[in-house]
Amino acid sequence: MTFIILAVLVFLIFMVFRKYKTIGSTIIGIMLALGITTVVLLAGCIAFSESDTLIFFNNAIGLNDFLHLIVAWYVADVFCSILIIRNHIAYKKINAVRKNINA
């Protein structure tokens with residue numbers, strides 16, 4: 001489980017720093033980040049229906065702690081989404097200037 005969480009964090013860092021040339025890729029990137037968090041939320045809810053605790057980084061956590069982690073993760077996703085949109089806008093501005101110079 002720990003490896004999966006670290007892999008997701010590396011993936012989200014990659015998503016923030018990549019180029020977004022089109023609005024479609026920007027929307028897909030944001031939806032993918034939010035979708036991963038939603039899948040983790042659903043998997044956690046399923047796990048809590050079977051047990052009162054969940055093992056997270058070798059510690060047992062309860063439902064309340066899990067929900068706090070998910071809320072923090074959604075806040076991080078919103079922050080990442082803002083960065084992704086800013087990267088897309090910056091990419092468009094740089095390329096708009098370049099097109100005017102070449103014309």
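pLDDT is the predictor's confidence in each residue, from 0 to 100.

**Entry 1, the model.** I am working from a predicted model, where local features need pLDDT of at least 70, side-chain atom pairs count only at pLDDT 80 or more, and totals for chains, interfaces and linings use all residues. Residues are numbered from 1 along each chain as its sequence is written, and side-chain values use heavy atoms, with hydrogens and water left out. I looked up the confidence: the mean pLDDT of the protein is 85, and 91% of its residues reach 70 or more. Among the elements (DSSP runs numbered from the N terminus: helices are H or I, at least four residues; strands are E, at least two), helix α2 (residues 23-50) has the highest mean pLDDT, 90, and β1 the lowest, 77.

**Entry 2, Asp77.** I found Asp77 in helix α3 (residues 63-102). Asp77 is buried (under 20% relative accessible area, by a 1.4 Å probe with protein chains only; exposed is over 50%, partly exposed in between). Asp77 has no salt bridge (a side-chain nitrogen of Lys or Arg within 4 Å of a carboxyl oxygen of Asp or Glu), and the nearest side chain of opposite charge, Arg18, is 15 Å away; Lys and Arg count as positive, Asp and Glu as negative, while His and the chain ends are not counted. Leaving out residues up to four places away in sequence, I list Leu12, Ala33, Leu34 and Thr37 as touching Asp77 (contact means heavy atoms within 4.5 Å).

**Entry 3, Ser25.** I placed Ser25 in helix α2. Neighbours within four places in sequence aside, Ser25 contacts Arg18 and Tyr20.

**Entry 4, Phe57.** I located Phe57 in the loop between β1 (54-56) and β2 (59-61). Phe57 is partly exposed, at 37% relative accessible area.
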